[in-house]
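User: I'd like to learn how to read helices, cores and ring pairs in a structure. Can we go through them one at a time?

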Amino acid sequence: MSLSTALNIAQNSLLNTQRQTTVVSRNIANVYNADYARRTAMLSSLAPGARVAEIRRATDAALFQQNLTALSGYKAQSIIVSGLEHITMSVNGVENATSPSAMIAKLQEALQLYSSTPSNRTLAENAVEMARQVLGSLTEGTKSVQALRTDMDAQISTGVTDLNRLLADFKTVNDAVVKGTQAGRDVLNELDTRDAILKKIAEYVPISTISRSANDLMIVTADGTTLFETVPRHVAFESTAAFGPTTSGNAIYVDGVRIAAANGANTSAGGSLAAMMQMRDGYATGMQAQLDEVARGLIKAFAEVDPGNPADIRPGLFTWPGAPGMPGDGVLETGLAGMITLNALIDPQQGGNPELLRDGASFDLNPNDHASFNELLLRFTNALDAPADFVTVAGTTASMGLQDYATNTISWLEDARKTAAGAAETRGALMMRTGEALSNVTSVNEDEEIALMLELERSYAASAKMMQIIDEMLETLLNTVR
C-alpha cells in the first residue's frame with residue numbers, strides 16, 4: 001500500500017468518525033425525547049477505505065401502526081370508564097347511598113312505619129320527607145346526566161377543532177418531507193414530527209397510513225374514510241349549547257361521511273371522539289331512560305282510584321305535568337324524572353296536609369276519618385314490589401317490581417363500569433406493550449450510545465496516530481531524497 005493510499009484511508013476514517021460522532025451526539029441529546037427515532041450512520045466500502053453512505057432513521061412501520069391502533073383503543077376505553085364512573089357517583093353516590101333504589105327503600109320503610117301508627121302525624125311528615133328525597137335523587141340524577149351530555153358535546157367540539165388543526169399541521173410537515181425527499185435533503189426531523197402528529201391524531205380517531213412515493217403519506221380512518229390525501233379532509237361537527245332529556249346530539253362527519261356510532265362497555269369505538277358520542281348518546285341517555293321509568297313507576301305505584309269509578313285513576317303522592325291523567329303503561333316518558341313533583345295537597349312545604357297520604361288526595365278514601373285507617377298506606381307499600389311493565393335500556397318491556405327495577409339500574413351501570421374498567425386494563429397493557437416494542441426499535445439507549453462514542457474516540461485516535469506515522473514516514477522519505 002502506498003503512503004498516499006494510506007493517507008487517504010486515514011483521512012476518510014477521520015471524516016467518517018466525525019460524522020458518526022455527530023450522529024451519536026444527536027442521539028444522546030434526544031435520549032428523553034419520546035418522539036425522536038434513533039439515527040445510525042451507515043458505512044459503505046469504497047476504495048480507498050469506507051464512506052458514510054447515509055444517515056438512517058430507526059423505524060418499524062408495522063409496529064408503529066399497531067401502536068397507533070392500540071393508542072386509539074385505549075383512549076376510547078378510558079373515556080367510557082371515566083364517563084361511567086361519573087354517572088355512578090353523580091346519580092347513585094358513594095356505595096349507591098343516594099341512588100333512587102336506596103331512597104325508595106327508605107320511603108318504603110317510612111310507609112311501613114306510618115301504616116303501623118296511621119294516627120301519628122309526625123310519621124306522615126317523615127314519609128313525605130322520604131318521598132322528597134326520592135324526588136331529589138331523580139331530579140339531581142337527571143341534572144347530572146344532562147350535564148354529562150353537555151360536557152361530552154363540548155369536549156367533542158374541542159376535539160374536532162384540535163383534529164382539524166392537527167391535520168393542517170400534518171399537511172405542513174408532510175409537504176416538507178415530500179419536497180425535501182425529492183430535493184435529496186435530510187428530512188429525518190420532519191419524519192419525527194410527522195409521526196408525533198400521527199399519534200395525536202390517533203387519540204381522536206383510529207387511523208392507518210398508506211405510504212406513497214417521495215415519503216408521502218395518506219391517512220384513512222378505520223372504516224376506510226380518507227382523512228388526508230395531499231390535503232386534509234374537513235371534520236365537521238355542530239355543537240349544542242345545553243342538553244335536556246329530549247335533546248339529540250349532532251353527529252361528526254369526516255369529509256361528509258358520518259363517524260359510526262359505537263357500542264358496548266368494551267367499546268367498539270376507536271379514539272376519543274366516537275367514545276364521547278357513545279357516552280353522550282348511549283350510556284347517558286340509557287341512564288336517563290331508567291330514571292324516567294322509575295319516576296313513572298312511582299306515579300303509578302302511588303296512584304289513587306275513585307271508589308265509585310275504578311276507571312278513574314289519578315296521581316296521588318307523586319304527580320307530573322300531565323295530571324290529572326296518568327303516564328301510559330309500558331311507555332317511556334322522556335324527561336319524566338326531571339318533571340315529577342310532590343302533590344301540593346300532601347306536601348307540607350307547599351301548605352299541604354301530609355295526612356292526605358293516608359286518606360287520599362285526589363279522592364276521599366277515608367270518608368269516616370278513622371285515625372287507624374291504613375288500607376291506602378299498605379297498598380302503596382305493596383305497590384312498590386308489585387310487578388309492573390317497565391321499559392328496559394334495550395327498549396323492550398319487562399315485568400318486575402319498582403324496587404327491583406331501580407336496583408337493576410344500579411346493576412346495569414355497575415356491570416358496564418366493571419366491564420369497561422377491565423377492558424381499559426387490557427387495552428392499556430396492549431398500548432404499553434406495543435409502545436415498548438416500538439421503543440426497543442426506535443428509541444435511544446444512552447448506555448449503548450456512550451459505549452459507541454468511546455469506540456469512535458478510539459477509532460479517531462487510531463486514525464490520528466496513523467496520519468502522524470504517515471507524516472513521519474513522508475518526512476523521512478523527503479529527507480532521504482534531499
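Analyst: Sure. Keep in mind that this is a predicted model. Let's start with helix 3, where the buried residues are Pro-100, Ser-101, Met-103, Ile-104, Leu-107, Gln-108, Ala-110, Leu-111, Tyr-114 and Ser-115.

User: How should I read a list of buried positions like that in helix 3?

Analyst: Start with the general idea: an α-helix has 3.6 residues a turn, so residues three or four places apart point the same way. Now look at the case here: Ile-104, Leu-107 and Leu-111 are among the buried residues of helix 3. The helix itself covers residues 100-116 and reaches 24 Å from its first C-alpha to its last, close to the 24 Å expected at 1.5 Å a residue.

User: Which residues are buried in helix 5?

Analyst: Helix 5 buries Leu-188, Leu-191, Asp-192, Arg-194, Asp-195, Ala-196, Ile-197, Leu-198, Ile-201, Ala-202 and Tyr-204. Notice that charged names such as Asp-192, Arg-194 and Asp-195 are on that list. This helix has 17 residues (188-204) and spans 26 Å, close to the expected 24 Å.

User: On to the core. Which residues touch the most other members of the largest nonpolar core?

Analyst: Those are Ile-201, Leu-298, Phe-302, Phe-318 and Leu-357, out of 104 residues in that core. Helix 4 (residues 121-183) supplies the largest share, 20 residues. To see what one of these does, take Leu-298: leaving out residues up to four places away in sequence, it touches Ile-104, Val-134, Leu-138, Phe-318, Ile-340, Leu-384 and Leu-402. Ile-104 is one you've met already, as a buried residue of helix 3.

User: And the rings: how many aromatic pairs are there?

Analyst: There are 5 aromatic pairs. For each, check the distance between ring centres and the angle between planes. Tyr-283 and Trp-412 sit 5.8 Å centre to centre with 40° between the planes, a tilted pair. They're 129 residues apart, with Tyr-283 in helix 6 (residues 272-301) and Trp-412 in helix 9 (residues 402-442).

User: Is Tyr-283 buried or exposed?

Analyst: Tyr-283 counts as buried because its relative accessibility is 9%, under the 20% cut-off. Its partner Trp-412, at 22%, counts as partly exposed.

User: Why is the Phe-302 and Phe-318 pair called edge-to-face?

Analyst: Because their planes are at 75°, with the ring centres 5.2 Å apart; the label needs an angle over 60 degrees. Phe-302 lies in the loop between helix 6 and strand 10, and Phe-318 in strand 12, 16 residues apart. Both are buried, and together with Phe-380 they form one aromatic cluster.

Note on methods: Residues numbered from 1 in each chain as written. Predicted model: local features only at pLDDT ≥ 70, side-chain atom pairs only at ≥ 80, totals over all residues. Heavy atoms only, no water. Helix = DSSP H or I, 4+ residues; strand = E, 2+ residues; numbered from the N terminus. Expected span 1.5 Å × (residues − 1). Buried < 20%, exposed > 50% of the residue type's maximum accessible area, 1.4 Å probe, protein only. Core = buried A, V, L, I, M, F, W, Y, C linked by side-chain atoms within 4.5 Å. Contact = heavy atoms within 4.5 Å. Phe/Tyr/Trp six-rings, centres within 6.5 Å; stacked < 30°, edge-to-face > 60°.
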